[in-house]
Every structure is written in structure tokens, then in C-alpha cells.
Amino acid sequence: MKKIWLMLLVICSVCAFSACSDDDDEKKDGGIDEECPVTDVVVPSPVAAGDEVTITGKGFAETALLVLGNIEIVATFTETEANFMLPYNFEPGDYKVILKQNGKEWELSPNMKVTAPTRALRVKEIVADFKTYTFTYNQKNQISSIGLYSTEAPDELQTYNIEYTSDELINITGDATFNLSLQNGKVVYSNNVLGDDYEWSYDEDDEYLTYGGYYEIPYEYENKNLIKLGDAYNSMPFEYNKPELKNNLYLVDIIFISKYMILGDELFEGWDYHFDMIPHMLNICGNRSENLPSHITDGENAKHEVDYVYSDIYKDYVSEITYEYYLEEDYLVSKTIKIIYE
């Protein structure tokens, strides 16, 4: 009996030694005990969801991968940096940072603490039936380029690049070239390559736009809302019957974008419309409407009922706008615009 117990003890000892050896071999093949190929690592912490993040070090491979917790991150690598953008809706928390490189993985130190976003959402795309705007941003979360294409000709992309030369000047290049002169954060002149200046004017309190742009359009505000766009010969009244409908707090002013994309461009005709549209996209036209219109009347005196859907994820932001009107007595037309955030 003693011999049997002795044999069992020997077998257990051999198995335990074998398991430890396997663990050691595994660590030598890329476990946490093997020296990480990236040295002088600096992991920023805390960082906010929606921010651009850079982990620095020496020895990153371009084919490396990053994992936060158990979430793989889309990152670009140089020999000395790993760069990535945390999604706006990334869950706040404390995350282990795992580097995967050359078939092995290492835990970088310290952990990365992710906090709630420090900025408002950004518009990624605005999509209507026949037009789509796309937006890209610089590190200051300013719009750096705007793309516009038609669904009928998706390969014919128009691009407008935005350069913030100073607090008083914005340069637009690409499919159009012009400058925007600013004063107190608002556009006061738009200047094209021919040297033509188009003035933008504001009310006596320097808050709301009253006149301006390439098409010299009058704007009329009342009770903090835009109630008329255009002159007596070509105007577009807005009605506000639902005070619970709040405009997006920041970002692109969706009233002007949706007006052009859905209702047509009676007030913004021809290829020069971007002279007037881009300043509204850049939010440099003074205060915007506090509310959203429940009805809009177009240049042909057709009244459009407007319905809005607010995002399930981003509660204060409109994700869908629908316009309905009768083209003929019994022919109801419905048009929708979708706003995609990031």
C-alpha cells in the first residue's frame, strides 16, 4: 500500500513540474514575463471618450494591435507612437492596455482610465435622398473638410478644405476657393478669388444675422427663432408651434442644411451656394434658432409639416427630419434627412 502511495506522489510531482515548465515556456514565448519590445512607454491617463489618444514609446511595429480591456481599438502605429480616436460612446472605466505585436502580447502600464466625453458630439454625415455631406475634423474638433456628393453620381465628390488661419480668417480651398473674415467669432465678409466682398450683418446686439452672403439674403429672427428667410419676392416663413422641439445645441445648423437638401435651393441657386452654406456649417453666423420649426413654407407658398426624431443614444440631438406636403391634391410627398453622429 505504501508503494502505491509513493508512486502516486511521484506521478503528481512530475505533473506539477511539467505544468510549471509549460507555463515558463509560454511566458518565454510572449507572456508578461518576457521583456516587451517597446520601451519608454507612456500611456496617457485619464482620457475622455471622443478624444484622440497617443501612446508613445520606442519599438512599435506598424502591424501592431491595441486592446483596451477586451475591446480591440483601431489604431495607427509608427515606431514611436500608437494613435487612435476613442469613440464618443466608449464606456467610461478603468481599462488594461494590451499590446499585440509579432504574434505575442504585453500588458502596458499604467491602466488607462476613460472618462465621459468632454466635447459635444460631431456630425459625421448628413444624408438626404439625393445629396450627402461628409465632415472630417482636426485635433481641435473643428471641421477641417466638407465633402458633398450626389447619390446619382457618387464618384463626383466635391471637397472643401477649411484652414483656420487665425481667429479672424478662415481659408476655404478645394472645389471652391474663398476666405471668410471673422469678427468676434462671426463671419462679417466672404471674399472670393476675384476680389469680391460679400458682407454679413447682425442686429444691434450683434447676436442674430440680419443680412448677408453671396445672395444678399435677409434673415428675420423673433423670440430667438428664425421666422423668415428671404425678401418679399422670395421668402420662406418658419412656424414654431411646438416649444419642446429644441435645436441641436452645437454642430452644423440643421435648419439651413435641411432647407437646402430637402426643400430645394430657391434661395441658394447655382454652384455658388457654398459661399452661403459653409459659414452656417461652421457655426460662425451668430446665434442660431433656439427651437426647431414645426412648419416651413417654401418659395412656392407650399407649407411643409416637419417631424423630428431625436437620437436614442444622444438624447438632445436630432437624428432624423421628415418633411411632408401635398405635391398635388391627393399626392403626398415625404422626404427624409438623416444626421449621423460620431
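Which residue in β13 does Ser150 stand opposite? The close-ups below come from a predicted model, and the second view holds the answer.

**View 1. Strands β11 and β12 pair as an antiparallel hairpin.** Here we look at β11, residues 131-137, alongside β12, residues 143-150. Seven bridges hold the pairing, which is antiparallel. Five residues lie between the two strands, and Asn141 in this turn has a positive phi of about 65°. For a handy landmark, find Lys131, which stands opposite Ser150 in β12.

**View 2. Strand β12 also forms a hairpin with β13.** Moving along the chain, we meet β13, which spans residues 153-166. β12 and β13 run antiparallel and are joined by five bridges, with two residues between them in the hairpin. Back to our opening question: Ser150 stands opposite Ala153 in β13. Ser150 is a good residue to keep in sight across both views, since it also faces Lys131 in the pairing with β11.

**View 3. The largest cavity has a volume of about 70 Å³.** The structure holds two cavities of 30 Å³ or more, and this close-up shows the largest. Its lining includes a run of neighbours in the sequence, Asn283, Ile284, Cys285, Gly286, Asn287 and Arg288. Pro279 and His280 line the largest cavity too, as do Tyr221, Asp253 and Phe256.

**View 4. The lining of the largest cavity mixes nonpolar, polar and charged residues.** How many of the lining residues are nonpolar, polar and charged? The lining divides into five nonpolar, four polar and two charged residues. Among the residues to look for in this view are Phe256, His280 and Arg288.

Key. Residues numbered from 1 in each chain as written. Predicted model: local features only at pLDDT ≥ 70, side-chain atom pairs only at ≥ 80, totals over all residues. Heavy atoms only, no water. 1 Å grid on protein atoms, 1.4 Å probe; cavity = no way out; pocket = protein on both sides within 12 Å on 5 of 7 lines; lining within 4 Å. Points joined across faces, edges and corners; volume = space filled by probe spheres on them. Nonpolar A, V, L, I, M, F, W, Y, C, P; charged D, E, K, R; others polar. Pairing = 2+ DSSP bridges. Helix = DSSP H or I, 4+ residues; strand = E, 2+ residues; numbered from the N terminus.
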